[in-house]
Each structure stands twice: as structure tokens, then as C-alpha cells.
Protein chains: 2
Amino acid sequence: MNLPTLRQLHYLVTVVELCHFGQAAERCFVTQSTLSTAIQELEGLLGAQLLERTKRKVIPTKLGIDLANKARDIISMTERLVLDAQVDRKPLSGVLKLGVIPTISPFLLPKVLPGVRSTFQDLELYLLEDQTQNLLERLSAGELDCAILALPFDLGGLEQQVFWQEDFLVAFPAGHPLSEGGPIASKALPDSELLLLEKGHCLRDHALAVCHMKAVANRASFQGTSLYTLVQMVAGGQGITFLPEMAVNDEFLAQNQIAVRPLSEKGPHRELTLVWRASYHRKADLALLADCMQGLLEKG
Amino acid sequence: MNLPTLRQLHYLVTVVELCHFGQAAERCFVTQSTLSTAIQELEGLLGAQLLERTKRKVIPTKLGIDLANKARDIISMTERLVLDAQVDRKPLSGVLKLGVIPTISPFLLPKVLPGVRSTFQDLELYLLEDQTQNLLERLSAGELDCAILALPFDLGGLEQQVFWQEDFLVAFPAGHPLSEGGPIASKALPDSELLLLEKGHCLRDHALAVCHMKAVANRASFQGTSLYTLVQMVAGGQGITFLPEMAVNDEFLAQNQIAVRPLSEKGPHRELTLVWRASYHRKADLALLADCMQGLLEKG
DNA sequence: AATTATTAATGGAGAAAATCGATTAATGAA
DNA sequence: TTCATTAATCGATTTTCTCCATTAATAATT
């Protein structure tokens, strides 16, 4: 369908209001001829007479008045649309879809979410827990706005801001021969006892990377599905594993019968980072979010 | 305020729907570059990002989706406006403001209005009774759509369609010396007994014109304010007067004790006509109305 | 790793439109 | 009659819109 332009509608509204082409033209900041032509085109387009005019008088027709009223509505809706677009959005307000990997989620979120929520009152946070690769796909597809992942991993074209870093600790069953002492070198660990998370968890790869071990050294049947179950296996004496500091400080894990020793390999062993698409339009907001989380973690 | 064009909004709606510039362009029957430019201008105008795009993907922002929804509403309102304008209006439907002079109104309307109303079911007729000059002013001002008047009078620039014509009769008190007989010449009438309507009624002028009398021949104190009161004065023996055929056939007047004789001056003495502004946009409707009234009067 | 295909942005040329200024014709008023 | 007002009209100009061709970036495929 061929639509009139908003400009034509605006002209109509003004002429109907003033019943005078010259004055209406002045109010619209155009010449009378412009207005005259525009109205004629509008009438032509609609196939109906909107104004009855003599050289002396302008009388809107019933239809002209009706349409001018509708036109007023249309124009004011459009004005509102413009205003809506220009609402000075508070930073980090509205919906934000955040993905988090499972080896970070249960330890980080309880620490930072209350603080984040109180800092950004108008933030509506939607959380999705999944493994790195899946999160990256969803992020690329636009289903997520950002994700919290652990470096190192292949960023692709994504941008990021690291907000935390931590070491790994080795967890032994209570009473294990190696369970006592200070920093221990990964070389000193018995490969055959190592328990890891199942494939897909980046923590698995990171742990192996730290101690230069090969994944093949582990028994598939003992791959854990979460850090909680993994710790319970360690506590049950079925093997040893690596844990990020964050997990060790967690209350739940602390209740289990395990002993932890730091690694003598120094490092930060894993970096927590907030990532987003390079084309994302609210980068500034996300930087604020990363800053906020960092601040909360540093305060303890 | 600077408003976006409906075209820009339409482009936005399409791109948000398809998430693909090329496809959206195709659907809009323009090239991709046209669409691309238009969206960029829209974003510039609104001062906000509506779409997040890489070379590979297009992801609408929250704002983009919101505004596209609003835009859809605006566009469909505009489409409805166009449809409203093109509604094939039945002839003589809707409001019609009709003026009628007092010497026609009480005799004509009861005869024709029922028929008019049943012929044009959707007609909303607003009636105004006043003297010719006042009706003409209101007609010119656009307060009336048309008027029923009696010729002859100065039409000015108005257009008209005559739908009836009638003679005048002379009315005498029952028992008046001249009350019996056939056609009578106006010259034979006693000037001093002539009663007329007050000034402003065209019937007064028409009556005087028929018999070439001067208005000054009449006593001001006996000028009637309506044909009903005038007839009662005649019945009371206070004088004679002219009546249009229409009034003579009226039931109310027939009950009064008066006698009527035709004038020997032949010819239609007054013509009933429907008048409208030359610029009026529903002339065709009014011609139908005049035709209709004529038909009803001819049937009796 | 190199090649190919896809896609949005960009630049320049041409077409379409909107607007203006000047004039005309009609209308009322003085 | 003459004058003032006003909407329509015409031609010229400016602005906007659109297209085509090309580019740069990105994935997918070889």
C-alpha cells in the first residue's frame, strides 16, 4: 500500500487546525506553495477531498477532520518513539543475559551477585550456566549479551575484561600420603590417581596445562560431572584433583574431609574474564560490571 | 522535533524481522545499500544503536526490537488511515447539515423526510430553520452543507438544483366579499387588507413581487411571524394574504375558517431549490437528495 | 593455509522529490 | 471601480533518495 508521508500528515493537521494555507505554511516553516502542493498530493493519494477551498475560505471536510485527528495520533506516536530512543538509559539497566561456566558459577555468583544487584538496581540479570564452547556459540548468536569464562581460551573476535585471577590447589583425601606439607610440584603427583571433570570443562584443560600432563592419563570412568561430585570422590579416597582457590574457600567444600596443598608452580593459573562481542553496543556497561565484580572480590 | 520517515520505520521493521540487510532490502524492493543507508540515518537521527551488525550477522538491540514494534503500530495506523479515506462512502451517508426557511420547513419536511430517511438509511440529518439571509451566511461559513430556499433570490456563487415549484393562492376570511369564485387578479385585491409576514421572510417579497405591490402598503403592526399565525389572523377577519399551495394543502391550515382562490396571474410563483457552495465536495449526494425530494413530492 | 562465498558498508552518479519564488486567478472589501 | 487577500500554478533549484559498483570483513571449504 502506498502510504502518505508523516510530513504530509503534519501539513494536513496544521491546515485543518488553522483553515488557512498561508498561516499553516508559516507555522510549518515552508512556503504556501509547498503546503498547497503537499495537500493536493495527499488528497490524490487518498482519493478523497480533505479540504473544501475557495480563494477566500478553507473548510475542512468531515473526512479531513477525521483524518487530521488520526494523523495527530500517528505523529505523536512517532514523537514518542523518538523520545523512547533517546531515554538516557542508566548504565546497566534493563535485561542483561549472562552466561557463566559451571566451574565458576557456584563459587563466584554467591559472592558478587548481591553486590552487583544493589549497585545496579535496575539490572535484570538472566543467567545461563553451560560450558565454554556452548556459551561462546550462544554469545555469537546473540542469545547472550556476555559471558564469564576462564582464560586461557580462544577468544575469536570477542572482546573481554579480566576481573580476577587465581591459582589452583591440589586436593587430597584426608590421610593421603601426600596430604601434608607446603607447596608441592605437579611432577610429584601420581598421574594415576588424578581425577578430572568430564570433557568440555575448561578447568580440565587448564589443570592439565598447569602441570603439563596429558588428558589420556585419566580413567574415563572417574570423570566428574561437577566440582562438588569431584570433591566428594576425592573425600572418598578415590583420587586427587586440582581445585581453583575459589572452590577451596567455598563453605560446602570446606566441610568435606579433604586436604589441600598449593602448587609450587607459580602463577595465576586461571583468569576470570567477562567477554562480549566486539560489535556489542553496551560495552561500557559491561566494563562497569567487570569493575564492580572485581571490587567486590577484592573486598573479600 | 525531527521525525523519522515512515519509510525508514518500515525498513527498520523489516530488518529487525529478517536480521538480514540483503533479504530485507529485497522484501522492500530496494537495494541493500539503500536500506543500509536508511537504517544508519535512522540511528543517527535517534542517537541510538538499533542493530548490532558484523559482516556476518545482524542482531537487533533491545531498543531496536522495541522501536520496531512501535514502528509497526505506527505504520498500521497509517495504513488504516488510508483505508478510512478510501471507504466507499454510500451516497448520502453520515452527517448532513441542512438549513430550511420557515415558510417551507413545516409543509415540506413532513411530506418528504420519512421518504428521505428510508431511502438513505445512513443519513444523519441536522436541521436548522432560519431566514434566507442567515442560512446563506451559515452556508458560506461552512456551518451548513446545504439549504432549502425559495427562488428567486440572489444565489451569489452558490449552485443549486430546483426540485419543486408552486403557485400562490389568495386567502380570505370565510364570508369575505371576494371569498367566492375562480381565479382572481391581484389588482382586484384591496391593498389595505393585505397581511404579510415580517421582514426577512422571502415569502413576503415573493408575494409582493407576484402582484407588483409595494411593501409599504402594509401596516407594520399586522406583520405575522409565521404562516400559522398569519392564517389565524386571516381567519379572524383581520385581512387577506397570499399562501403557497403547499401551505394550503396542509392539514392544520385546512381546519381554519378561510377561503382560497387562485391568482389569475399564471406561472410558478415560487421555486423550491436545494443550494450548496460551488466548492462543496459532495455535490453528487445533494443532487440525489433533490431528486429524491422531487420524486416524493410528485407522488403526492 | 589458501580459496571461495557471503555480507554490510561505502562512494559516486543519476533520478526523484521537495521546496522556493514569482505569477495568476478568484474573491471580498473599501 | 480599485485594492487586498488568498490558493493554485509554473519553472528553477536544492535536497533527498536510490542505484550500481566496489570494498572490507568474515565464515566456510578446499
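In the predicted model, nine residue pairs, both members at pLDDT 80 or more, are found in polar contact across the interface of chain B and chain A. On the side of chain B that touches chain A, two or more residues are contributed by each of helix 1 (6-18), helix 3 (32-46), strand 1 (51-53), helix 4 (62-86) and helix 6 (132-141) of chain B. Helix 4 of chain B supplies the largest share of this side, with 16 residues. Sorted by class, the side of chain B that touches chain A holds 21 nonpolar, ten polar and eight charged residues.

The contact as a whole draws 39 residues from chain B and 39 residues from chain A. Between them, chain B and chain A bury about 3,600 Å², and 72% of this area lies on carbon and sulfur atoms. Within chain B, the residues that lose the most area to chain A are B:Glu52, B:Leu81 and B:His281, which together account for 16% of what that side buries. Side chains of opposite charge can pair when their charged atoms come close. Four salt bridges are found by the rule across the interface of chain B and chain A; in one salt bridge, the side chain of B:Arg277 meets that of A:Glu52, with an N to O distance of 2.3 Å.

The relation between the two protein chains was examined by superposition. Chain B is brought onto chain A, with an RMSD of 0.2 Å, by a rotation of 179° accompanied by a shift of 0.0 Å along the axis. This relation is that of a two-fold axis. Among the residues of chain B, B:Ile74 comes closest to the rotation axis, its C-alpha lying at 3.0 Å. The same surface serves both copies, since 100% of the contact residues of chain B recur in chain A.

Both protein chains also contribute to the surroundings of the DNA. Around DNA strand D there are 22 residues, of which A:Gln32, A:Ser36, A:Arg53, B:Thr31 and B:Ser33 come nearest. Of the atoms of DNA strand D that come within 4 Å of the protein, 67% belong to sugar and phosphate. Contacts to the phosphates of this strand involve both side-chain and backbone atoms of chain A: an N or O atom in the side chain of A:His20 is 3.1 Å from a phosphate oxygen of DNA strand D, and a polar backbone atom of A:Phe21 is 3.2 Å from a phosphate oxygen of DNA strand D. A base is approached from chain B, where a polar side-chain atom of B:Ser33 lies 2.7 Å from a base nitrogen of DNA strand D. The elements that provide two or more residues to the surface near DNA strand D are helix 2 (21-27) and helix 3 (32-46) of chain A, together with helix 1 and helix 3 of chain B. Helix 3 of chain A gives the most to this surface, with four residues. By class, the residues of the surface near DNA strand D comprise five nonpolar, ten polar and seven charged.

For DNA strand C, 22 residues lie around the strand, and those that come nearest are A:Thr31, B:Gln32, B:Ser36, B:Arg53 and B:Arg56. Sugar and phosphate make up 69% of the atoms of DNA strand C that come within 4 Å of the protein. A phosphate oxygen of DNA strand C lies 2.6 Å from a backbone N or O atom of A:Thr31, while an N or O atom in the side chain of B:Ser36 is 2.2 Å from a phosphate oxygen of DNA strand C. In chain A, an N or O atom in the side chain of A:Ser33 is 3.0 Å from a base oxygen of DNA strand C. Two or more residues of the surface near DNA strand C are given by each of helix 1 (6-18) and helix 3 of chain A and helix 2 (21-27) and helix 3 of chain B. The largest share, four residues, comes from helix 3 of chain B. The surface near DNA strand C divides by class into five nonpolar, ten polar and seven charged residues.

Over all chains, a search of the whole structure finds 18 salt bridges. Within chain A, A:Glu17 forms a salt bridge with A:Arg27, their closest N and O atoms being 3.2 Å apart. This pair links distant parts of the chain, with A:Glu17 in helix 1 of chain A and A:Arg27 in helix 2 of chain A, ten residues apart.

Definitions and conventions: Residues numbered from 1 in each chain as written. Chains lettered and ligands numbered in written order. Predicted model: local features only at pLDDT ≥ 70, side-chain atom pairs only at ≥ 80, totals over all residues. Heavy atoms only, no water. Contact = heavy atoms within 4.5 Å. Buried area = accessible area lost by both parts, 1.4 Å probe. Polar contact = N/O pair within 3.5 Å; in protein donor to acceptor, adjacent residues only side chain to side chain. Nonpolar A, V, L, I, M, F, W, Y, C, P; charged D, E, K, R; others polar. Least-squares fit on C-alpha atoms with pLDDT ≥ 70 in both. Near = heavy atom within 4 Å.
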